[in-house]
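Please read the following report alongside the sequence and the coordinates. It takes up the ligand site, then the protein as a whole, then its domains.

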Amino acid sequence: MNIAVRDTDTAPRPGLRFEGAPFFPPEPRTGTAAAHPPAPREASAPRGAAFTFRGVEKAFGPKTVLHGLDLHVPAGQFVAVIGKSGCGKSTLLRLLTGLDAPTAGTLDIARPEKRADITRVMFQEPRLLPWARVAANVAVGLSHVRERKEKRAAALSLLAQVGLSDRAGEWPAVLSGGQRQRVALARALASRPRILALDEPLGALDALTRIEMQMLLERIWLQQGFTAVLVTHDVAEAVALADRVVLIEDGAIALDVEVPLPRPRRRGAPELAHLEGVILEKLLGATA
Ligand SMILES: Nc1ncnc2c1ncn2[C@@H]1O[C@H](COP(=O)(O)OP(=O)(O)OP(=O)(O)O)[C@@H](O)[C@H]1O
């Protein structure tokens, strides 16, 4: 198996892999971020790119969390972001989704003026509205659909995608944790985002539900072709789902690993375990 591992800034980026990204055709990665000329803050990303961080710094008062982070992600790619607690993973997602702004550097993103429309975030906790039934919770993501009947039909169709057709009229409180996350996923997908940011969305689920949700997420990603950025502490999850795993260390990308394995990936396969070991070794080195 040919595994491309990159200690950032010392080696060229690995080749890209695209599998099942029907809406966004693959584009060969062309050079490093440094090869691009400086761009105005949040200018349009290069064609075929979902987003590019160039020398992005984020400081909170005297504390600098991200130091000159470079990350180019082509449209349709599934990227997993790992790193020790407090290294800046959620901060990266907040910058990506426009919830926060970099203190230096540039973030190039397709149609930045529409960022609220093209990005969606899913968190560890589903954050559903407790006073709204399941279908109404999904409809929150359907603000672009005006007609009530149409909205309901769209919400039901989304619930069918996540396997919850029969729970549309229930309250979130009666659902299991995994079912609530399915509703949150349906709501996140409702606006057909181009970029789905996932901040440890499966972290609170039991092991079996977690694997079921991973498979659901992968299936929907394969069908819809959005760009997925998954923050996770679970390296096995990262290699099972992602085209590419990046490790943040000392505020920058310390490792960039391609996952050259066909889908669906068999949990426990030796190739996955090998790759997991390579990444864990680096991660443990970072936390030692
Ligand atoms: N709004 C804020 N004000 C001050 N400091 C912040 C703020 N947001 C994040 N930080 C700090 O930035 C650092 C990175 O936080 P972040 O949440 O991005 O880490 P993380 O890698 O996602 O951590 P974890 O894996 O534990 O969730 C932490 O030290 C955190 O305390």
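For residue classes, Ala, Val, Leu, Ile, Met, Phe, Trp, Tyr, Cys and Pro count as nonpolar, Asp, Glu, Lys and Arg as charged, and the others, Gly among them, as polar. This is a predicted model, in which local features need pLDDT of at least 70 and side-chain atom pairs count only at pLDDT 80 or more, while totals for chains, interfaces and linings use all residues. Residues are numbered from 1 along each chain as its sequence is written.

The shell around the ligand (C-beta atom, placed from the backbone, within 6 Å of the ligand) consists of Phe60, Val65, Gly83, Ser85, Gly86, Cys87, Gly88, Lys89, Ser90 and Thr91. Its largest share, three residues, is supplied by helix α1 (residues 89-96). The classes of this shell and of the side of domain 1 that touches domain 2 are set out below.

| Residue set | Nonpolar | Polar | Charged |
|---|---|---|---|
| Shell around the ligand | three residues | six residues | one residue |
| Side of domain 1 that touches domain 2 | eight residues | one residue | one residue |

The protein holds eight helices and ten strands, where helices (H or I, at least four residues) and strands (E, at least two) are DSSP runs numbered from the N terminus. Of its 288 residues, 41% count as buried, that is, with 20 or more other C-beta atoms, placed from the backbone, within 10 Å of their own.

An automatic or database assignment sets the domain bounds, giving domain 1 (5-110 + 194-287) and domain 2 (129-191). Ten residues of domain 1 are in contact with seven of domain 2, contact meaning C-beta atoms, placed from the backbone, within 7 Å. On the domain 1 side, helix α6 (residues 207-224) contributes the largest share, five residues.

Technical notes: A residue is buried if 20 or more other C-beta atoms lie within 10 Å of its own, exposed if 12 or fewer, and partly exposed in between; C-beta atoms are placed from the backbone. Two residues are in contact if their C-beta atoms, placed from the backbone, lie within 7 Å.
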